[in-house]
Every structure is written in C-alpha cells, then in structure tokens.
Amino acid sequence: MMSMTFGVSTSVTLLFDFWDVHGPAGMVLSVFVVFLLTVFYEVLKVWRVWLGRSSKLAQSQSAYAAPPSSRSDSISVLESSPSECSLTPTESQPPASNTRNSWLLHAIQTALHMLQVTLGYMLMLCVMSYNTWIFLGVIVGSVLGYFISFPLLGHI
C-alpha cells in the first residue's frame with residue numbers, strides 16, 4: 001500500500017508509468033516540468049478571463065455604438081458629461097452580433113476550459129504522489145504564475 005505522508009525521496013512515479021523518476025537529476029527535471037505546467041495553468045486562467053472580458057466589451061460596444069456625429073468640431077465638456085436625460089433607459093436595437101464569431105469564441109473558450117480542467121487534475125495527481133519536491137514545484141509555480149499573469153490582466 002502507498003504511504004499517505006509526504007516524503008523527500010528522489011524516486012517517484014508521476015502520472016504515467018513512463019514518468020518514473022530515479023535520482024536527483026530526474027527529480028530536478030520533473031520538478032521543473034511540473035513548475036512550468038503550473039505556471040502555464042495560471043496563465044491559461046488569465047487568458048480565459050481576458051477572452052471573456054474582451055468578448056463582452058466588444059458586444060457592449062457594438063450594442064451601444066452611437067451614430068457618427070455630423071459635426072467635425074470637438075464636443076464640449078457639458079455635452080459629453082452624463083446628465084439625467086442620458087441616464088434614462090432608451091429602447092435600443094438588439095446587437096447585430098456575428099453568429100459565426102460568437103460560435104468560434106465559444107468553441108475556443110470550451111477548448112481552453114477543457115485544457116484548464118485537464119491540466120488542473122494532472123497537477124492535483126502530481127501533488128498526490130506525496131513527494132515534497134513535486135508539491136513545492138506546484139506551489140512555487142502557482143505563486144509565480146499568479147504573480148506574473150494577474151497584473152497583466154489589468155493592462156490588457
């Protein structure tokens with residue numbers, strides 16, 4: 001029966017029979033691979049959020065696009081500021097979104113979700129090997145991936 005406590009051994013089998021680690025060099029390489037997979041997992045999460053935000057932003061901009069102005073001079077500050085009359089709900093046309101693009105975006109989001117779930121379960125199974133080095137690789141990769149990718153979300 002497998003031990004259910006963390007150990008610091010340099011011998012472990014990860015995910016598949018062919019990923020059988022024996023020795024310090026193999027462990028360092030395995031921890032590095034798990035580390036990179038975890039960083040990619042965090043970047044993938046941000047990418048999915050960014051795709052969702054950009055698609056919602058594009059839909060909202062096309063739904064509320066104002067007709068082009070006939071004047072070529074700049075709008076004064078008073079005309080561009082919100083007022084009570086501009087805050088009242090108005091009847092608007094439903095957005096004329098391109099059905100093909102929305103299906104393509106949905107298919108991409110679905111594939112990314114499938115990849116994210118698969119990668120998440122694979123990382124969980126790596127941690128369940130109860131090897132301290134692999135566990136630390138997942139934790140440090142998650143921290144570094146979050147540290148790098150989530151601030152980029154505000155700039156994109």
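This is a short walk through a predicted model, stop by stop, with something to select at each one.

**Stop 1: the whole chain**

Start with everything in cartoon and colour from the N terminus on. You should meet five helices and two strands, in the order β-β-α-α-α-α-α. Now switch to a surface. The chain exposes about 11,700 Å², and carbon and sulfur atoms supply 69% of that area. Of the 156 residues, 24% count as buried. If you like contact maps, put one up beside the viewer: among contacts between residues at least 6 apart in sequence, 77% join residues at least 24 apart.

**Stop 2: helix α1 and a pair of rings**

Select residues 24–63, which make up helix α1, and show the side chains of Phe-32 and Phe-35. How are these two rings arranged as an aromatic pair? They are stacked, with 6.4 Å from centre to centre and 25 degrees between the planes. Phe-32 and Phe-35 are separated by about one helical turn, because they sit three residues apart in helix α1.

Bring the surface back for a moment and compare the two partners. Phe-32 is partly exposed, at 47% relative accessible area. Phe-35 has a relative accessibility of 18%, so Phe-35 falls under the 20% cut-off for buried.

**Stop 3: Glu-42**

Stay in helix α1 and move along to Glu-42. Is this glutamate side chain's residue, Glu-42, buried or exposed? Glu-42 counts as buried, with just 4% relative accessibility.

To see what surrounds Glu-42, select Ser-142, Gly-145, Tyr-146, Ser-149 and Phe-150: these are the residues in contact with Glu-42 once its neighbours within four places in sequence are left aside. Show sticks for Ser-142 in particular. Its side chain makes a polar contact with the side chain of Glu-42, at 3.0 Å.

Before leaving, try a distance label from Glu-42 to Ile-148, C-alpha to C-alpha. The label should read 9.0 Å, for two residues that are 106 apart in sequence.

**Stop 4: more rings**

For the last stop, hide the helix and select Phe-6, Tyr-130 and Phe-135. What links these three residues? Ring pairs do, joining Phe-6, Tyr-130 and Phe-135 into a cluster. If you want to keep hunting for rings, a search of the whole structure finds five aromatic pairs, and the stacked pair of Phe-32 and Phe-35 from the second stop is one of them.

Note on methods: Residues are numbered from 1 along each chain as its sequence is written. This is a predicted model: local features need pLDDT of at least 70, side-chain atom pairs count only at pLDDT 80 or more; totals for chains, interfaces and linings use all residues. Side-chain values use heavy atoms; hydrogens and water are left out. Rings of Phe, Tyr and Trp (its six-membered ring) pair if their centres lie within 6.5 Å; planes under 30 degrees apart count as stacked, over 60 as edge-to-face and the rest as tilted. Helices (H or I, at least four residues) and strands (E, at least two) are DSSP runs, numbered from the N terminus. Buried means under 20% relative accessible area, exposed over 50%, partly exposed in between (1.4 Å probe, protein chains only). Contact means heavy atoms within 4.5 Å. A polar contact is a pair of N or O atoms within 3.5 Å; within protein, one must be able to donate a hydrogen and the other to accept it, and residues adjacent in sequence count only if both atoms are side-chain atoms. Accessible areas come from the Shrake-Rupley method with a 1.4 Å probe; for residues, only the protein chains shown count as cover.
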